Amino acid sequence: MKFVYDFAEGNRDLKDLLGGKGANLAEMTNLGLPVPPGFTITTEACQRYLRNGTHVDGLAAEIDEHLAALEEKMGRRLGDPADPLLVSVRSGAKFSMPGMMETVLNVGLNDASVDGLSRQAGGNDRFAWDSYRRLIQMFGKTVCDVPGHEFEKALDDAKAAKGVRDDVQLDADDLRALVTVYKKVFAKHTGHEFPQDPREQLDLATEAVFRSWNADRAILYRRQERIPTDLGTAVNVVAMVFGNLGADSGTGVAFTRDPATGEQGVYGDYLSNAQGEDVVAGIRNTLPLADLEQLDKRSYDELMQIMATLEGHYRDLCDIEFTIERGKLWMLQTRVGKRTAAAAFTIAAQLVDEGVIDLDEALHRVTGAQLAQLMFPRFDLSDSPSSLTRGVGASPGAAYGQVVFTSQRAVEVAAEGKPVILVRRETNPDDLPGMIAANGILTSRGGKTSHAAVVARGMGKTCVCGADEMEVSATSFTIGAETVREGDMISIDGTTGRVYLGEVPVRPSEVVQYFEGDLDPANANDPLVAAVHRIITHADGKRRLRVRTNADTGLDAARARRFGAQGIGLCRTEHMFLGDRRELVERLILARTETDRNEALAALQPLQRADFLDIFREMNGLPVTIRLIDPPLHEFLPSLEELAVKVAVAHEQGQRVEQDEQMLAAVRRMHEQNPMLGLRGVRLGLVIPGLFAMQVRAIAEAAVALAAEGGRPRPEIMVPLVGAVQELETVRTEAEKIIASIVGDSGVDILIGTMIEVPRAALTAGQIAEAAEFFSFGTNDLTQMAWGFSRDDVEGAFFWRYLELGIFGISPFESIDADGVGRLVRIAAEEGRAARPGLKLGVCGEHGGDPDSVHFFHEVGLDYVSCSPFRVPIARLEAGRAAVTAEGSDHR
């Protein structure tokens with residue numbers, strides 16, 4: 001097996017083997033762009049190293065061979081005291097994981113070669129010693145786990161002693177002294193001297209990159225982004241080019257379009273006399289990329305030409321890292337760039353207009369998760385609040401919360417249910433838990449390409465960077481005379497970069513206004529709204545899955561229909577028994593005689609009929625699936641514990657409370673140890689005479705009433721919790737008699753089906769289909785029963801630990817468990833349709849609005865998904881994406 005590839009041997013299609021960085025370095029090399037020579041150690045080598053926990057047989061020999069070829073190409077030798085070759089050792093997984101894994105620059109430098117590097121740079125001692133201190137700092141922190149703050153403190157002490165603010169103001173003697181201090185820090189924490197053998201440095205750095213795949217922050221990031229755990233990372237060994245050689249050198253990051261908005265133009269950051277990590281880390285505020293034209297027009301023009309070449313080649317927004325070494329431009333990396341949700345839609349539409357991609361490809365390039373981000377509210381600035389300061393709007397959104405200054409504190413406060421804004425001078429990969437917990441991130445340093453910005457955009461978090469008026473300490477930040485302390489409330493606008501004191505009110509997003517019908521995309525000035533309209537309209541034209549909503553009131557139904565719902569997949573009738581009607585339900589439960597029970601049911605029926613008529617009117621012409629009452633009746637009664645205490649206290653005081661005593665007896669009579677597995681659903685309808693009959697009668701009467709008005713009701717009655725066909729047959733026989741007696745020649749047709757939420761129902765679907773005209777999968781309960789989880793308890797009890805251990809990549813209540821619960825759905829769909837070819841199939845659990853689950857339901861062959869009104873547009877988009885993906889697979 002081959003473990004090492006020269007850049008000229010690879011291409012961008014080898015991301016599985018070479019990682020994203022290595023594959024794209026190879027692609028740029030083959031395009032003839034100025035890429036420093038180097039080679040890539042494959043992800044397979046990483047996987048083998050992690051399995052073995054030690055070296056990989058044959059790898060060292062391959063590295064020797066490629067290192068020799070690199071030395072010959074560069075005319076320099078690694079570790080040569082007179083004319084040293086230095087290399088960078090950088091991670092590069094298949095999927096971009098910015099800042100999550102390790103990088104070591106200037107590998108090969110030691111006490112003997114630092115003077116040679118100075119001569120190589122024309123006697124630039126400062127450059128040589130700066131490179132050496134960077135190597136010790138990065139190597140110590142990433143390879144040997146030396147605490148990074150000790151190096152940072154030594155650097156701060158050196159600047160303080162010199163009376164300067166930036167590290168570029170330290171001279172060669174200062175840096176030479178700093179190297180001595182760094183070596184002492186290294187030896188104190190490792191127990192040995194900094195390694196002087198360049199090849200040892202290379203091997204140790206390579207192994208550190210391998211190990212960083214399983215670092216806590218990398219694991220957390222993969223879990224957040226749903227990246228598989230078994231891919232491993234490649235390692236890229238690249239001949240060093242230097243941006244820290246003086247004013248005619250520098251480093252930068254560029255985007256071919258604005259990653260925040262999608263607008264075309266010149267976007268990026270540049271830092272003169274610096275190495276690449278300085279830009280990404282945000283330790284110094286950068287210059288806008290456009291300023292490079294004034295500093296070095298030749299390099300700027302060449303960069304613009306290369307950016308156009310790369311965007312044309314990749315047919316997408318490209319994120320580019322580059323270095324200028326004494327006027328010579330070098331390309332260090334490119335990738336399809338991370339972008340905000342707004343930019344994703346805008347760029348996709350732009351590229352369609354430019355003829356670069358078609359609408360199917362545009363649909364591929366956006367996601368339901370991004371659309372959900374666009375539906376979040378924005379700040380309402382109608383009262384013109386004055387801003388504290390303004391930084392760089394790095395990741396759009398409107399976020400407010402309590403100020404915290406550490407990642408750990410952000411996690412703690414968020415766990416209390418409070419909104420959080422994480423404030424830092426600059427973030428680093430160790431801050432990831434706090435960034436996930438926070439509503440937004442605010443930094444005093446860095447720009448749109450800093451760690452905070454890149455990670456926040458990837459997660460859809462609001463972020464403002466580079467608010468350099470802020471002086472950030474451990475417990476507060478100051479802006480002029482204003483001091484903001486931990487616990488104070490602030491609001492940050494990730495679009496404008498403005499920071500406000502206090503909680504600024506929010507307003508609906510224009511995307512929501514568009515879906516609500518309040519904004520005509522043809523007249524909208526916002527190109528984002530036009531892009532969303534165009535892409536979701538295309539999705540509607542491509543999708544096979546219809547999208548319904550879960551709605552229990554006419555108001556919910558009306559809103560969902562504006563959002564594009566094509567009917568109701570779940571109307572929960574038990575929600576109609578709450579509020580003022582609870583007293584009627586109590587009468588039903590407390591009824592001692594058939595007469596009492598019938599009176600209670602008779603009182604409930606007209607109320608139910610009115611509810612159904614309201615919903616049928618809003619969904620006129622569209623199907624409405626009504627689930628007969630599902631939860632156990634004792635849920636409508638007072639708490640057993642509270643009622644028992646109330647009665648006991650009354651007795652203690654010598655009082656008789658007959659009504660409370662009757663209620664307590666009823667609650668005790670109906671109390672169950674595990675009510676979710678007890679008297680509920682179809683069982684309740686069979687045990688309480690007249691309950692289901694009342695509901696069926698109300699549904700039929702409401703449908704006939706709408707038909708008499710000239711409407712077109714399409715009711716579907718769903719029997720819940722069926723586990724055996726005999727249960728459904730019993731309910732159906734009674735329901736059909738009632739329906740026939742009411743609908744007459746009104747033309748109303750009412751389907752009768754069932755909810756598949758018990759594993760036995762899925763496994764006997766062929767039998768149940770004989771009595772059902774439709775199945776609707778209740779995946780919430782089906783997940784609960786298949787896993788043996790109580791969905792009301794387990795999320796807080798132990799799911800966090802399962803996610804932490806990687807047992808779950810995501811909660812099975814959030815995204816369908818395709819292997820287990822999904823197999824039950826597949827079995828039921830196949831066997832149900834085999835028994836009844838025209839069987840209608842849908843899903844009404846919240847999985848119906850989960851993007852990944854929608855793709856699964858498309859594949860299984862369901863007819864529709866149903867979800868909450870707000871998620872209807874998301875399901876529409878993902879159903880279209882699923883259809884386009886399936887078409888692409890068929891064509892292949």
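The following is a friendly exchange about a predicted model.

Colleague: Before we start, what pLDDT do local features need here?
Modeller: Happy to set that out: the model is predicted, side-chain atom pairs count only at pLDDT 80 or more, totals for chains, interfaces and linings use all residues, and local features need pLDDT of at least 70. Residues are numbered from 1 along each chain as its sequence is written, and side-chain values use heavy atoms, with hydrogens and water left out.

Colleague: How many disulfides does the structure hold?
Modeller: A disulfide is a pair of cysteine sulfur atoms within 2.5 Å. Cys867 is in no disulfide, since the nearest cysteine sulfur, belonging to Cys844, is 11 Å away. For the structure as a whole, the number of disulfides is zero.

Colleague: Is Cys867 buried or exposed?
Modeller: The cut-offs are under 20% relative accessible area for buried and over 50% for exposed, with partly exposed in between (1.4 Å probe, protein chains only). Cys867 has 0% relative accessibility, so this residue counts as buried.

Colleague: Which helix gives the most to the largest nonpolar core?
Modeller: A nonpolar core is a set of buried Ala, Val, Leu, Ile, Met, Phe, Trp, Tyr and Cys residues joined through side-chain atoms within 4.5 Å. The largest has 125 residues, and those with the most contacts inside it include Phe345, Val532 and Leu691. Helices are DSSP runs (H or I, at least four residues) and strands likewise (E, at least two), numbered from the N terminus. With eleven residues, the one giving the most to this core is helix H27 (residues 691-708).

Colleague: And how many residues are in the other core, with Ile63 and Phe127?
Modeller: That core lies apart from the largest one. Val104 and Leu105 are also among its members, and its residues number 57.

Colleague: What is the angle between the planes of Phe139 and Phe194?
Modeller: A pair of aromatic rings is described by the distance of the centres and the angle of the planes. Rings of Phe, Tyr and Trp (its six-membered ring) pair if their centres lie within 6.5 Å; planes under 30 degrees apart count as stacked, over 60 as edge-to-face and the rest as tilted. Phe139 and Phe194 are edge-to-face, 5.4 Å centre to centre, and the angle between their planes is 80°.

Colleague: How many residues apart are Phe139 and Phe194?
Modeller: Both are buried, and they belong to one aromatic cluster with Trp129, Tyr132 and Phe186. Phe139 is in helix H5 (residues 125-144), while Phe194 is in the loop between helix H7 (172-190) and helix H8 (198-212); the pair links distant parts of the chain, and its members are 55 residues apart.

Colleague: Which ring does the charged end of Lys328 sit over?
Modeller: A charge sits over a ring if NZ of Lys or CZ of Arg is within 6 Å of the ring centre and within 35 degrees of the ring normal. Elsewhere, Lys2 lies over the face of Tyr5, 4.9 Å from the ring centre. For Lys328, the distance is 5.0 Å and the ring is that of Trp330.

Colleague: What is the phi of Asn273?
Modeller: Most residues other than glycine have a negative phi, and most peptide bonds are trans. Asn273 lies in the loop between strand S9 (264-272) and helix H10 (276-281), and counts as buried because its relative accessibility is 17%. Although Asn273 is not a glycine, its phi is positive, at about 50°.
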